[in-house]
Amino acid sequence: MALRAVIFDVDGTLVESERHGHRVAFNRAFAEAGLPYRWDQELYGELLAITGGRERLAHYLASQGLAAPEAAARAAELHAVKNRHFLELVAGGALPARPGAAALLDDLARHGVRLAVATTGSRAWVEPLLAGLFGHDRFEVIVAGEDVPAKKPDPAAYLVALERLGLIASDALAVEDSVPGMKAALAAELTCVVVINDYTSDGDYSAADLVTDAFEAPRVLHDPFGIAPLERLDAAVLMRLHAATHA
Ligand code: XBP
Ligand code: MG
């Protein structure tokens, strides 16, 4: 049973995009609309429990007293403005890839492993961001938030990615950063590696197949299949983990 594809999450996994990216763009949208709201780093970390920027906005506006229909309508308007600001941040090169992410993509490609993306994020920024950081057409399949009826932790994004790849779950492996993302991957019956970040480190990842805190020189935080020691998350490690989870 060979590893034929790896499906990557984007925000927080391949890219450091939340704290100084999406959060800043949401605040610029509030300011442009003349709204009194501001999401500081701590509040935003809590709001990340709601996947999808538009859904996150609707939830927050409802918490500020707007009736659900008005909150949903206002959220859609603000989300479009936020994505315009986020694209400006992307164009300005403000959002770095996580250290070691590009090297992993290169190594997987060298080993003939196909690359795909399954993200909750909006296609409008996902494609320019990935192209800018990793090169055009780097990913054979990109599934974005608009491509699925339900967002993570629903497995739809991963199921659509597998379908477009023409593969089944046992052919592939997912790389995530968060609990909703891990749950989506596992619900799609994918082997799941979690690379936590400073916003997602306090989640319960006991159901994951390998948990580290980085792509290179990682601390191994959960290793039920005994893959450690490992100097980096490279193709050989992911292939070994995939084989162990399908032994
Ligand atoms: C993380 C998300 C996204 C981003 C904001 O997606 O939940 O909603 O926070 O992007 P990922 P949008 O699955 O890549 O971790 O505002 O475009 O939703
Ligand atoms: Mg993520």
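Start by selecting α4 (68–91), the element that gives the most to the shell around ligand 1, with three residues. Keep in mind as you click around that this is a predicted model.

**Stop 1: the shell around ligand 1**

Leave α4 on screen and add α1 (18–32) and α3 (53–63); together these are the elements that give two or more residues to the shell. Now show the whole shell, which has 19 residues. How do they divide into nonpolar, polar and charged? Color them by type and you'll get three nonpolar, ten polar and six charged. Next, pick out the ones that come nearest to the ligand: Gly-53, His-79, Thr-119, Ser-122 and Trp-125.

**Stop 2: ligand 1 itself**

Turn on a surface for the protein, and you'll find ligand 1 sitting in the largest pocket. Hide the surface again and look at some polar contacts. Select Thr-119: an N or O atom in its side chain is 2.5 Å from an oxygen atom of the ligand. Then try Gly-52, where a backbone N or O atom lies 3.1 Å from an oxygen atom of ligand 1. Finish with Lys-152, which has a polar side-chain atom 3.0 Å from a ligand oxygen. How much of ligand 1 does the protein bury? Taken alone, the ligand exposes 440 Å², and the protein buries 96% of that.

**Stop 3: the magnesium ion**

Jump to ligand 2, the magnesium ion, and show Asp-9, Asp-11 and Asp-177 as sticks. These residues coordinate the ion at 2.2 Å: Asp-9 and Asp-177 through OD, and Asp-11 through O. Along the chain, the donors follow the spacing D-x1-D-x165-D. Where do Asp-11 and Asp-177 sit? Asp-11 is in the loop between β1 (5–8) and α1, while Asp-177 is in the loop between β4 (172–176) and α8 (179–187). The pair links distant parts of the chain, 166 residues apart.

**Stop 4: backbone oddities**

Go back to Lys-152, your ligand contact from before. A cis peptide bond joins Lys-152 to Pro-153, with omega about 15 degrees. Pro-153 lies in the loop between β3 (141–143) and α7 (156–165).

Another cis peptide bond joins Ala-228 and Pro-229, and here omega is about 5 degrees. To find Pro-229, look in the loop between β7 (220–222) and α9 (235–245).

Last selection: Asp-137, in the loop between α6 (123–134) and β3. What is special about its phi? Phi of Asp-137 is near 55 degrees, a positive value in a residue other than glycine.

Definitions and conventions: Residues are numbered from 1 along each chain as its sequence is written. Chains are lettered from A and ligands numbered from 1 in the order in which they are written. This is a predicted model: local features need pLDDT of at least 70, side-chain atom pairs count only at pLDDT 80 or more; totals for chains, interfaces and linings use all residues. Side-chain values use heavy atoms; hydrogens and water are left out. A residue is near a molecule or strand if one of its heavy atoms lies within 4 Å of it. A polar contact is a pair of N or O atoms within 3.5 Å; within protein, one must be able to donate a hydrogen and the other to accept it, and residues adjacent in sequence count only if both atoms are side-chain atoms. Accessible areas come from the Shrake-Rupley method with a 1.4 Å probe; for residues, only the protein chains shown count as cover. On a 1 Å grid over the protein atoms alone, a cavity is a set of points where a 1.4 Å probe fits but cannot get out, and a pocket is an open set with protein on both sides within 12 Å along at least five of seven lines; lining residues have an atom within 4 Å of a point. A molecule sits in a cavity or pocket if more than half of its atoms lie within 2 Å of its grid points. Helices (H or I, at least four residues) and strands (E, at least two) are DSSP runs, numbered from the N terminus. Ala, Val, Leu, Ile, Met, Phe, Trp, Tyr, Cys and Pro count as nonpolar, Asp, Glu, Lys and Arg as charged, and the others, Gly among them, as polar. Donors are N, O and S atoms within 2.8 Å of the metal (3.2 Å for Na, K and Ca); water is not among the atoms, so sites may look incomplete.
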